[in-house]
Amino acid sequence: AGENGCTICEGGKYSASRAGSCTACEAGKNCSQDGTTEATHATDFCEAGYYSDLDEAGCTKCPAGKSCASSGTTTGDLEGTGDDCAAGSFSIEGQIGCTACPPGSYSAAGQAD
């Protein structure tokens with residue numbers, strides 16, 4: 001506990017005022033700092049091109065072949081083919097959206113660089 005007897009919530013967790021414990025940060029949120037408040041947690045989403053899972057302290061670059069075009073992407077969004085780049089396009093790690101293949105080339109859905 002700190003000087004005042006209160007314990008700071010570690011990265012990946014947050015708390016409201018007068019809380020008795022810390023709460024796991026939601027997927028798609030950026031809780032990278034120790035001492036995250038409920039107000040910060042409500043508005044601090046992972047940027048486009050990044051994602052997070054429940055209780056993670058920060059955001060991770062989206063994998064190649066995924067679009068990750070919006071903020072607040074979660075691990076669940078990346079499962080399956082829902083966030084795959086469409087056929088004829090690709091992405092590299094951490095890229096926002098997908099890039100069309102140049103004329104004379106192609107790619108399958110979910111293709112990396």
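1. Starting with the pocket: the largest one in this predicted model comes out at about 250 Å³. Its lining counts 13 residues, and those closest to the centre are Thr7, Ile8, Cys9, Ser15 and Ala16. If you're thinking about electrostatics, note that the lining holds no charged residues; the split is six nonpolar and seven polar.

2. On to the sheet. Three strands make it up, it is open, and the order runs β2-β1-β3 with mixed pairing. That leaves β2 (23-24) and β3 (36-37) at the edges, each pairing on one side only.

3. A closer look at one of the strand pairs: β1 covers residues 13-15 and runs antiparallel to β2, with two bridges joining them. Across from Lys13 you'll find Ala24 of β2.

4. Now the disulfides, of which the structure has five. Take Cys46 and Cys59 as one of them: the sulfur atoms are 2.1 Å apart, and the angle about the S-S bond is -85°, which makes the link left-handed. Cys46 sits in the loop between α1 (38-43) and β4 (50-52), while Cys59 sits in the loop between β4 and β5 (60-61), so this link ties together parts 13 residues apart in sequence.

5. Last, the aromatics. Don't go hunting for ring-ring contacts, as there are zero aromatic pairs here. What does turn up is a charge over a ring: the charged end of Lys29 sits over Phe45, 4.7 Å from the ring centre.

Notes
Residues numbered from 1 in each chain as written. Predicted model: local features only at pLDDT ≥ 70, side-chain atom pairs only at ≥ 80, totals over all residues. Heavy atoms only, no water. Phe/Tyr/Trp six-rings, centres within 6.5 Å; stacked < 30°, edge-to-face > 60°. Lys NZ or Arg CZ within 6 Å of the ring centre and 35° of its normal. Pairing = 2+ DSSP bridges. Helix = DSSP H or I, 4+ residues; strand = E, 2+ residues; numbered from the N terminus. 1 Å grid on protein atoms, 1.4 Å probe; cavity = no way out; pocket = protein on both sides within 12 Å on 5 of 7 lines; lining within 4 Å. Points joined across faces, edges and corners; volume = space filled by probe spheres on them. Nonpolar A, V, L, I, M, F, W, Y, C, P; charged D, E, K, R; others polar. Disulfide = S-S within 2.5 Å.
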